[in-house]
Structure formats: structure tokens, C-alpha cells
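Please open the model in your viewer and set the side chains to be displayed. The tour proceeds from one selection to the next.

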Amino acid sequence: MTTQGMPSMDPRPSGLTIGTYDTYREAQRAVDYLSDEKFPVEHTTIVGNNLRQVEKITGRLTWGRALTAGLASGAWFGLFVGLLLGLFTTGHWFAALLTGVVLGAFFGLVFGGLSYSQSAGRRDFTSRTAVVATTYDVLCDFKFAEEARNHLAKLALKGEVNPRVPEQPIQQPVQQQMQRPTD
């Protein structure tokens, strides 16, 4: 326990892999199903594997788009400031709100234009960036792993999620391999 009374979180995942899924939504659904089955989900962890940054280009950045984006973001900030000022004025709260929006839009327009002119054509596109994983493993503490796998097998049979099949075959214990008759 930490001094604040909160347990510390060790960032390194531990436990056995009880399921591997192609999407975070499927891994989340698996843990949600375990929770629905009254399984102690505090013993599970979702781990994203093979993380990569993906930047999706959404369009060309022009003077018009740069100025419009600056104007819009400035207006939103001005609305927020205007609302705060309006709370502390007596009488003309709408004037404070309108002044905030107008001044915010003006300064947003100016700063949007300045930032675009400073780029000098080096980044003439807009984009969205996300960090994604190739697969998601659901891990479970060793003493609960078998029970969790049994629950997740029922979920897979329902067809709600499609866990990945392990790429390597599961090794059988040495005793079973020795007991097999030889040809």
C-alpha cells in the first residue's frame, strides 16, 4: 500500500494468458463476461501487444482551413471564458458571454494564421493520431487462470468473441509423451 492508502500499480503485466483477441473491444468483452459470471476480475489484466502509432491523414491544410480551425477553437475558448465572467457579473451576463466569444474567435483566427504561416509548407495536411495494438492478451493470476479459461470457453462457444488460436501448439507434459506407443 502507498502512503495515500491506494495500492501501487506495477506496470509490468504478470499472470497466464487466458485469451488473445484481435480488438480491444473483444478483450474488454471477455473481461466484462468474467465480471458477469462473478469472477474476481481484479486478478485480470488486458495487455496490448506490438504497439504502433498510426497517423490517418484527413485532408489538405490550406489557409482557409487553418483560419477556420483557429477561429472555431478560439470561439470555444472564448465561450468558456465568457461563461466564467458571466457568473461573476451583475446584470449583463449575455454581454460578457458575447464579448468572450468574439474576442476568442478573433485571437483564435490570428493565432491560427500565425501558426500556419510559421509552418512554411512543411506540414500541409491534417491528421488524427492513435496508438494501436496488433493483438490484446487477457492475463490472469495463476491461481485463477483455469477458472477464467473455463468461463471464456463458454463465451467463445456463444460466438460473441473470437479468441485467437495460439500460434504454437500446446506442449503436452513429458509423462504423456513417454506413454504413447511407438510405431
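Begin by selecting Trp93 in this predicted model. Trp93 counts as partly exposed, because its relative accessibility is 48% and the exposed class begins over 50%. Add Phe94, which is exposed, with a relative accessible area of 52%. Trp93 and Phe94 form an edge-to-face aromatic pair, with 6.1 Å from centre to centre and 90 degrees between the planes.

This pair belongs to a structure that holds six aromatic pairs. Next, select Phe39 and Phe144. Their ring centres lie 6.1 Å apart and their planes stand at 85 degrees, so this pair is edge-to-face. The two residues are 105 positions apart and link distant parts of the chain: Phe39 sits in the loop between α1 (24-36) and β2 (44-49), and Phe144 in the loop between β5 (135-140) and α4 (145-158). Phe39 is buried, at 4% relative accessible area, and Phe144 is buried as well, at 17%.

Then select Phe106, Phe107 and Phe111, which together form one aromatic cluster.

Turn now to the largest nonpolar core. Which of its 18 residues touch the most other members? Select Ile18, Tyr21 and Leu152, the residues that do so. At least two core residues come from each of β1 (16-21), α1, β5 and α4, and α1 gives the largest share, five residues.

Finally, centre the view on Tyr21. Beyond its neighbours within four places in sequence, Tyr21 is in contact with several residues, among them Ala27, Ala30, Val138, Leu152 and Pro163.

Methods
Residues numbered from 1 in each chain as written. Predicted model: local features only at pLDDT ≥ 70, side-chain atom pairs only at ≥ 80, totals over all residues. Heavy atoms only, no water. Phe/Tyr/Trp six-rings, centres within 6.5 Å; stacked < 30°, edge-to-face > 60°. Helix = DSSP H or I, 4+ residues; strand = E, 2+ residues; numbered from the N terminus. Buried < 20%, exposed > 50% of the residue type's maximum accessible area, 1.4 Å probe, protein only. Core = buried A, V, L, I, M, F, W, Y, C linked by side-chain atoms within 4.5 Å. Contact = heavy atoms within 4.5 Å.
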